[in-house]
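Hi,

Here is the structure I promised to pass on. Have a look at it first, and my notes follow underneath.

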Amino acid sequence: MKRFSGDISIVLGGAAGQGVQTIEALLVSVLKREGYHVFAIKEYMSRIRGGSNSTEIRVTDARRSAYVRRIDLLFAMDKDVLLHLEKRLTKHTLVLGERAKIGASHQNVIDIPFTSFANELGNPIYTSTVAVGVALGILGAEKSVFETYLREHFARKGEEVVAKNIEAGEKGYTFGKHIAYDVGIEVHIKHHESVKKELLTDGVEAVGLGALQAGCNYISSYPMSPGTGLLTFLAAQSKEFGVVVDQAEDEIAAINQGLGAWYAGARAIVTTSGGGFALMTEGVSLAGIIETPIVIHIGQRPGPATGLPTRTEQADLNLVLYAGHGEFPRAIYAPGTPEEAYFVTQEAFRIADTYQSPVFILTDQYFVDAIGSFPIESLKNVPMKNHIVVTKPAYKRYALSEDGISPRGIPGNGQGLVGVDSDEHDESAHITESALVRVAMHEKRLSKMRGMRAEALLPTEIGDVLHADILVVAWGSNRGVLEEALEHIGRDDIAGLHFHQVYPLPEKSKKLFARKKVVMLENNVASQFGNLLKLEYGIKVSEAILKYDGDPFSVEEVVQKIQKIS
Amino acid sequence: MIDKKLYDMPVDTDLAWCPGCGNFPILNIVKMALAELDIMPQDVVMCSGIGQAAKTPHYLRVNYFNGLHGRALPPAIAIKIANPKLTVIAESGDGDTYGEGGNHFMHTIRRNPDITSIVHNNMVYGLTKGQASPTSEKGMKTPIQTGGVVMEPFNPLATSLSLGATFVARVFSGDIVKSKEIIKAAIEHKGYALVDVFQPCVVFNKQNTYQWFKQNTYYLDEKDHDKKDRMKALALAFETKRMALGILYQETGRPTYETLLRQGDDPLFQRVRSKQALEALLRSYQ
């Protein structure tokens with residue numbers, strides 16, 4: 001007898017090309033429509049076919065957005081999966097799969113005869129739908145929702161494909177029900193009427209939706225995992241929203257195009273990962289001196305160099321913080337949830353446009369791939385405004401001003417001429433070597449930092465920060481795992497703080513650290529954000545919980561490490 | 001035809017070029033060409049990189065994007081896409097366009113945006129004081145290439161022709177009248193137009209002088225030369241003893257990049273995003 005109450009972790013594993021992604025997409029969508037809280041995260045190898053990949057789907061009573069190490073049900077498409085996930089399997093894990101293919105090395109293997117199902121259905125392509133049916137049957141989900149979803153999902157492929165999938169789903173579902181009965185699996189997870197209407201996205205879709213909301217109409221990028229998803233998302237929406245999509249010859253071209261686009265009045269974003277961003281850094285410096293906005297999305301992965309192309313890390317904060325020669329203002333956001341990604345992407349466009357500076361959105365593989373749902377009402381919109389002026393004949397692109405912001409004209413919008421120059425320049429954008437002009441221009445550019453700091457987003461307090469003795473600090477993708485771990489621990493003396501803007505930092509948040517033992521939670525070796533906090537706030541960081549093996553933090557390990565803090 | 005003076009900078013503008021530099025006539029030619037084509041300064045954007053030639057946009061009244069070394073073309077493409085109504089000219093030197101920016105040069109040609117590349121080709125690096133450029137002749141001695149250049153010179157015309165360029169021309173800065181007509185044709189050409197401009201560097205290149213260019217070039221006979229014949233143009237591009245001046249190749253009717261990448265020619269900044277479409281997209285994730 002196996003009983004799962006309130007929280008079940010289902011893992012699908014197989015070689016690339018065996019349908020794991022298809023099963024994940026179907027299962028997550030159907031469960032959400034039935035009102036379950038779902039969270040899914042995949043891990044995969046850097047190859048097109050073969051290897052061993054897996055996806056974890058958590059179905060929970062409460063909203064969760066974190067990875068757990070525990071596997072309750074494992075759908076194994078082949079033998080390698082058991083080897084690949086060996087360290088996460090326990091005696092409580094139920095393994096489901098075709099016994100002939102996966103063997104009987106694990107004690108709890110439940111046979112699903114996928115091959116005979118495929119033969120009955122006439123095509124192995126329907127195996128994925130059978131598997132989804134089995135999972136739904138075990139969970140005791142509503143069959144009609146599943147059928148409706150299959151009908152919609154496969155409608156484009158014709159009535160026969162729809163019918164076959166419904167048949168496959170039905171077979172799987174019935175089989176799943178039987179397994180639950182025979183083995184004695186009981187699953188009790190709450191449905192919520194409100195969840196049915198929620199939006200289900202992954203992290204990068206949330207960035208993309210935010211970009212469209214912010215009026216983004218230009219993307220020029222070179223594909224690089226895990227940054228490519230944004231390019232793909234905007235390409236899919238390019239016709240509907242009139243977004244220009246250019247696959248650049250390299251990242252250098254990408255950012256220089258992005259700057260040219262903004263110069264001429266477009267609203268551009270570029271997307272990449274650490275390695276590609278390394279090539280963009282001269283362009284970041286260019287943005288700084290020509291005072292042209294640019295929004296840069298960086299999906300981090302472990303380095304140095306090619307590193308682990310499909311894994312996760314938070315080790316490029318220093319790179320982004322210091323990228324580009326010379327001194328100039330910048331802002332860096334690091335969303336922790338899809339809602340935050342939607343919001344900070346709009347903020348990134350607004351701040352870039354207002355302060356005519358480079359602005360970064362720092363995510364990572366774990367964040368871009370993680371799927372979760374949220375109510376549409378939780379999405380915050382930033383009013384869209386184009387900060388461009390109609391130029392007069394005497395227009396000067398770099399007119400000196402109190403707040404450092406010179407009204408931004410664009411070519412072909414007025415009687416003035418608009419020049420931008422990578423050399424130090426005077427107010428009219430012409431080359432100068434005057435020390436006096438240099439100092440005035442440099443101070444003007446850097447004075448924009450004041451406004452950017454004043455507008456910095458406040459961190460999210462998790463628990464009772466004011467009264468806690470220990471403060472665990474996270475940024476970016478570690479919000480969900482920190483929230484769940486602290487809830488699990490349930491101690492009043494420990495609270496959390498999550499930053500979704502990591503630079504500049506808001507001055508008034510410094511006081512949150514007063515008289516606290518500060519513990520960092522980061523996916524890197526050097527505790528890069530901890531060092532930034534020390535630099536910006538002059539605070540002391542006592543300990544750091546760090547992970548850099550390419551995998552995200554699991555709730556279990558964060559719980560264990562926080563409990564060890566004395 | 002508008003008054004060329006509209007393009008003139010104030011008389012006290014300090015030009016950083018050496019006396020006798022081939023850049024002066026090129027600047028004059030570009031101003032004349034734009035004036036004769038009736039294009040207002042407000043409708044022109046000149047993109048440049050770094051180098052002596054790349055300072056050109058500071059010496060005439062136009063909109064300009066004086067960016068990074070080798071990177072004149074990526075912003076030029078984006079500006080044309082963002083506002084197809086603008087006349088976009090990328091003006092830089094041989095080192096900037098063919099060396100540092102070589103990858104952009106290749107892939108800009110493949111895109112065929114409606115922009116004009118004017119490349120000042122003096123076969124030497126001026127701003128960094130006399131090193132070899134991608135187009136330096138083999139054997140040329142410089143402070144770095146002390147035994148003479150050993151690499152083959154880059155052939156911009158053959159390269160562009162092989163990549164499918166739709167307008168390929170070469171002019172000589174010493175001939176204002178003929179060069180002006182060819183640059184006008186390049187600006188009017190719908191698609192990517194390359195104009196490689198032979199130009200002496202009076203300070204650092206003592207072998208490719210005014211005299212040398214005159215002796216080693218000839219004009220294509222406009223009646224005789226078939227501009228539509230890419231293979232003939234390619235053969236001409238490979239001639240190194242006496243080099244052809246004029247429009248080697250022109251192909252009309254190929255769609256330009258910006259027309260393929262976007263609809264209409266309205267500037268992107270005038271577009272308003274549909275709130276209904278955004279709402280519908282969000283709802284599609286339910």
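Of the 566 residues in chain A, 55% come out as buried (20 or more other C-beta atoms within 10 Å of a residue's own; 12 or fewer would be exposed, in between partly exposed, with C-beta atoms placed from the backbone). Bear in mind that this is a predicted model, where local features need pLDDT of at least 70 and side-chain atom pairs count only at pLDDT 80 or more, while totals for chains, interfaces and linings use all residues. Residues are numbered from 1 along each chain as its sequence is written, and chains are lettered from A and ligands numbered from 1 in the order in which they are written.

Chain A has 20 helices and 25 strands (DSSP runs numbered from the N terminus: H or I of at least four residues for helices, E of at least two for strands). Its radius of gyration is 26 Å, close to the 24 Å that the globule rule gives for 566 residues, so chain A is as compact as a globular protein of that length (C-alpha atoms; the rule is 2.2 Å times the number of residues to the power 0.38).

An automatic or database assignment splits chain A into domain 1 (2–197), domain 2 (200–378) and domain 3 (460–563). The C-alpha centres of domains 2 and 3 of chain A are 25 Å apart. Between these two, 25 residues of domain 2 are in contact with 23 of domain 3 (C-beta atoms, placed from the backbone, within 7 Å). Helix H15 (338–355) and strand S15 (358–364) of chain A are among the elements giving two or more residues to the domain 2 side.

Now the interface: 44 residues of chain B are in contact with 47 of chain A. H2(B) gives the most to the chain B side, with 8 residues. Strand S19 (residues 419–421) of chain A also runs parallel to S2(B), joined to it by 3 bridges (strands pair if DSSP finds at least two). One of the partnerships there is A:Gly419 with B:Tyr64.

H4(B) is worth a look too. Its buried residues are B:His104, B:Phe105, B:Thr108, B:Ile109 and B:Arg111. They cover an arc of only 155 degrees around the axis, which puts them on the same side of H4(B) (the arc is that of the directions from the helix axis to the C-beta atoms). They pack against helix H12 (251–263) of chain A, together with H2, H3, H5 and H9 of chain B. Just after H4(B), B:Asn112 takes a positive phi of about 60 degrees.

Cheers
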